[in-house]
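Visitor: I should like to learn how to read the features of a protein model in an orderly way. May we work through one together?

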Amino acid sequence: MKLKLKNVFLAYFLVSIAGLLYALVQLGQPCDCLPPLRAAAEQLRQKDLRISQLQADLRRPPPAPAQPPEPEALPTIYVVTPTYARLVQKAELVRLSQTLSLVPRLHWLLVEDAEGPTPLVSGLLAASGLLFTHLAVLTPKAQRLREGEPGWVRPRGVEQRNRALDWLRGGGGAVGGEKDPPPPGTRGVVYFADDDNTYSRELFEEMRWTRGVSVWPVGLVGGLRFEGPRVQDGRVVGFHTAWEPNRPFPLDMAGFAVALPLLLAKPHAQFDASAPRGHLESSLLSHLVDPKDLEPRAANCTRVLVWHTRTEKPKMKQEEQLQRQGRGSDPAVEV
């Protein structure tokens, strides 16, 4: 037993001596742990540098916000609105004028369906604070809706829109406001805004830089949630519409704007009062542009910024009853 323990102790001693000698030999060899240590140290240095940069950025004052262009540098938006006498006319025009007042560099062309200017419209324009031109032209009797006819039977506002185009081209004849049309070379865009629609002011900034004809969807029109162009890779490739989709330009009047220089360069382009139902817009646009060259706006025609709303025709039963009794509302009070 003693011999065996002695042998074990001797073996342990020899192994320990061998291990010690190996360790002493390794002390003189180059260490391969230096590269990882250097890499870790560099990472720490880069992090310290980034923290110092972020701290310096926080101490630096924020940059001044970008200044929007001066209004004088913006192209003018010429908004053409036909209007006619009815109970809700003033209410519609007040709503529209207050939207337009939020848009810089805008010129309102308000065209009455009348032989001359009416006091209601003249007074509203004078009080609007807008740059405006007041025009008037009476729709010929043959083009007027007959009693009981639905509104879609005959195109409306044709003479009035064409009268505005004539003024822009130097035709004159304004009955109020700015009498002189824009001089040659004026940068601008023309938009046909009916008085019974609802407009986001964003829409006008979308159209301002139109080069030819710009387009976007219109909400609540054509029996659909919205109607408008279909866009692929930034190009108009078709139209989302339910009624007569093979029209040259199946667009609503509120769904496009035209660059002023293009309109002036095409003096014969106008709306055709004899156009078939739904083709009124096409009767103008066909003279100006090919469908493939339309310029999609409103996030590639994925945002609705104008709605084809209509004010309900007021029911006047109580008014008529009071009138029969000689107690009707004072006609001198403008509604």
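Guide: The turns below go from the overall fold to single residues. Please bear in mind throughout that this is a predicted model.

Visitor: Let us begin with the whole chain. How many helices and strands are there in the protein?

Guide: The protein has ten helices and 13 strands. Of its 335 residues, 38% count as buried. As for contacts with a separation of 6 or more, 73% of them join residues 24 or more positions apart.

Visitor: How should I read the interior, and which residues have the most contacts inside the largest nonpolar core?

Guide: The general idea is that in soluble globular proteins nonpolar side chains tend to be buried together. Here the largest nonpolar core comprises 36 residues, and those with the most contacts inside it are Phe192, Val213, Phe256, Leu284 and Leu288. Helix H5 (residues 158–168) gives the most to this core, namely five residues. Apart from this core lies another, of 30 residues, including Val103, Leu120, Ala193 and Ala257. To take one residue of the largest core, Leu288 is in contact with Val258, Leu262, Leu263, Lys266 and Ala269, leaving aside its neighbours within four places in sequence.

Visitor: Helix H5 deserves a closer look. Why is H5 described as largely enclosed by the rest of the structure?

Guide: Nine of the eleven residues of H5 are buried, so the helix is largely enclosed by the rest of the structure. The buried residues are Val158, Gln160, Arg161, Asn162, Arg163, Ala164, Leu165, Trp167 and Leu168.

Visitor: Which elements do the buried residues of H5 pack against?

Guide: They pack against strands S1 (76–83), S2 (106–112), S3 (131–136) and S5 (188–192), and also against helices H7 (260–265) and H8 (280–285). Just after H5, Gly170 takes a positive phi of about 100°.

Visitor: Where does Val175 lie, and is Val175 buried or partly exposed?

Guide: Val175 lies in the loop between H5 and strand S4 (176–177). With a relative accessibility of 37%, Val175 counts as partly exposed. Not counting residues up to four places away in sequence, Val175 touches Pro117, His134, Leu135 and Ala136. Val175 and Thr133 are 42 residues apart in sequence, and their C-alpha atoms are 7.7 Å apart in space.

Visitor: I turn now to charged groups. How many salt bridges does the structure hold?

Guide: In general, side chains of opposite charge can pair when their charged atoms come close. This structure holds 13 salt bridges. One of them joins Lys90 to Glu334, with the closest N and O atoms 2.8 Å apart. This pair links distant parts of the chain: Lys90 is in helix H3 (residues 89–100) and Glu334 in the segment after helix H10 (317–324), 244 residues apart. Lys90 is partly exposed at a relative accessible area of 24%, and Glu334 is partly exposed at 44%.

Visitor: Which parts does the salt bridge of Arg303 and Glu202 tie together?

Guide: In that salt bridge, the closest N and O atoms of Arg303 and Glu202 are 3.0 Å apart. Arg303 lies in the loop between H9 and strand S13 (306–307) and Glu202 in helix H6 (residues 201–207), so the pair ties together parts that are 101 residues apart in sequence. Arg303 is partly exposed, with a relative accessible area of 35%, and Glu202 is partly exposed at 39%.

Visitor: Are Arg297 and Glu295 buried or exposed?

Guide: Both Arg297 and Glu295 are buried. They form a salt bridge whose closest N and O atoms are 3.1 Å apart.

Visitor: What of a buried acid with no salt bridge, such as Asp252?

Guide: For Asp252, the nearest side chain of opposite charge is that of Arg310, 7.0 Å away; the cut-off for a salt bridge is 4 Å. Asp252 is found in the loop between strand S10 (235–240) and strand S11 (256–259). A polar atom of its side chain lies 3.0 Å from the backbone nitrogen of Ala254. Asp252 also touches Val218, Val221, Glu227, Glu281 and His308, not counting residues up to four places away in sequence.

Visitor: Finally, which residue does the UniProt annotation "glycosylation site" cover?

Guide: According to the unreviewed UniProt entry, that annotation covers Asn300. Asn300 lies in helix H9 (residues 298–301) and is partly exposed, with a relative accessible area of 41%. Leaving aside its neighbours within four places in sequence, Asn300 is in contact with Val231 and Gly234.

Technical notes
Residues are numbered from 1 along each chain as its sequence is written. This is a predicted model: local features need pLDDT of at least 70, side-chain atom pairs count only at pLDDT 80 or more; totals for chains, interfaces and linings use all residues. Side-chain values use heavy atoms; hydrogens and water are left out. Helices (H or I, at least four residues) and strands (E, at least two) are DSSP runs, numbered from the N terminus. Buried means under 20% relative accessible area, exposed over 50%, partly exposed in between (1.4 Å probe, protein chains only). Lys and Arg count as positive and Asp and Glu as negative; His and the chain ends are not counted. A polar contact is a pair of N or O atoms within 3.5 Å; within protein, one must be able to donate a hydrogen and the other to accept it, and residues adjacent in sequence count only if both atoms are side-chain atoms. Contact means heavy atoms within 4.5 Å. UniProt positions are given in the numbering used here, feature names are shortened, and annotations may be inferred rather than shown by experiment. A nonpolar core is a set of buried Ala, Val, Leu, Ile, Met, Phe, Trp, Tyr and Cys residues joined through side-chain atoms within 4.5 Å.
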